[in-house]
Amino acid sequence: MDLEKQPQQPVAPAETDVIRASDADRDRIADILREALAEGRLTADEHAERIDSVYRAKTVGELEPLVRDLPAPGGEPGAATGAPYAYAPEQAAGPAENLVAIFSSSTRRGRWRVGARTNAVSLFGSVEIDLTEALFGQRLTVINATSVFGSVEIRVPENISLRGSGTGVFGSFEVRTLESADPEAPVVVVNGFSVFGSVEAKPKRGKFITDLQDRLRKHLDKHLDG
């Protein structure tokens with residue numbers, strides 16, 4: 001038999017393997033990964049690894065395997081019903097907030113709206129992020145912290161979930177892990193590293209997110225009654 005005369009039967013690639021991925025495609029996959037991290041389906045290391053792959057992907061076919069073992073966001077109907085946390089209205093995904101201290105200091109505290117992503121960079125300086133009176137517009141907040149001959153300090157309410165993954169090289173990276181009893185509580189994930197510096201994230205004693213929200217409701221009710 002002359003094999004050269006046999007008709008070729010190439011296997012056509014899956015359609016998604018050749019479709020170029022758009023920014024919207026990558027953001028959609030990143031949202032699924034963020035939700036999975038918040039629900040504890042992925043560890044911080046797994047989340048970081050997959051997110052890196054998301055933004056390296058060139059085609060839709062490269063994106064799909066990253067979430068094949070995960071449910072879509074909001075897959076559990078009614079999960080948010082009756083939640084005690086009054087999240088601010090969701091906003092479209094935008095650029096991360098950057099807090100940079102180079103031979104200086106940068107501080108974020110008080111009543112402010114926390115974005116989904118924050119980059120904190122300290123070079124011979126100090127960055128302080130206080131989330132104890134912040135308004136969370138989403139359940140998952142990721143803070144990427146880098147400290148070189150400096151410090152990054154993060155304080156959170158006692159009744160949220162706090163997770164982290166990082167490395168200290170001739171320095172320290174310390175995240176005091178918390179797991180809230182409420183599955184709808186905000187989740188803060190701190191990733192990063194320190195070189196001859198420190199990154200520290202821990203709860204602030206006596207601070208609870210519901211305290212602030214109760215005060216906000218009373219404040220709004222007072223103005224509406226007036």
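Start by selecting Glu128 and Glu153: Glu153, in β8, is the bridge partner of Glu128. The model is predicted, so local features need pLDDT of at least 70 and side-chain atom pairs count only at pLDDT 80 or more, while totals for chains, interfaces and linings use all residues. Residues are numbered from 1 along each chain as its sequence is written, and side-chain values use heavy atoms, with hydrogens and water left out.

**The open sheet**

Now widen the selection to residues 126-130, strand β5, and residues 151-156, strand β8; the two run parallel and are joined by 5 bridges. Strands here are DSSP runs (E, at least two residues), numbered from the N terminus. Two strands pair if DSSP finds at least two bridges between them. Strands of a sheet pair through backbone hydrogen bonds, either parallel or antiparallel.

Add the other strands of this open sheet: its 5 strands come in the order β2-β5-β8-β12-β10, with parallel pairing. At the edges are β2 (105-108) and β10 (172-175), each of which pairs on one side only. From one strand to the next, the twist averages 10°, taken between axes that are lines fitted to C-alpha atoms, with angles running from 0 to 180 degrees between N-to-C directions.

**The phenylalanine rings**

Next, show the side chains of Phe103, Phe124, Phe149, Phe170 and Phe196, which form one aromatic cluster. Rings of Phe, Tyr and Trp (its six-membered ring) pair if their centres lie within 6.5 Å; planes under 30 degrees apart count as stacked, over 60 as edge-to-face and the rest as tilted. The whole structure has 4 aromatic pairs. In one of them, Phe124 and Phe149 are stacked because their ring centres are 4.9 Å apart and their planes are at 0°. Phe124 sits in the loop between β4 (117-123) and β5, and Phe149 in the loop between β7 (140-148) and β8, 25 residues apart.

Are these two rings buried, exposed or partly exposed? Phe124 is partly exposed, at 40% relative accessibility, and Phe149 is partly exposed at 41%. Buried means under 20% relative accessible area and exposed over 50%, with partly exposed in between (1.4 Å probe, protein chains only).

Move on to Phe149 and Phe196, whose ring centres are 4.9 Å apart with planes at 5°, so this pair is stacked. Phe196 lies in the loop between β11 (187-195) and β12 (198-203), so its pairing with Phe149 ties together parts 47 residues apart in sequence.

**Strand β11**

Finally, select β11, which runs parallel to β7 and is joined to β7 by 9 bridges. Leu140 stands opposite Val187 in β11.

How values were computed: Helices (H or I, at least four residues) and strands (E, at least two) are DSSP runs, numbered from the N terminus.
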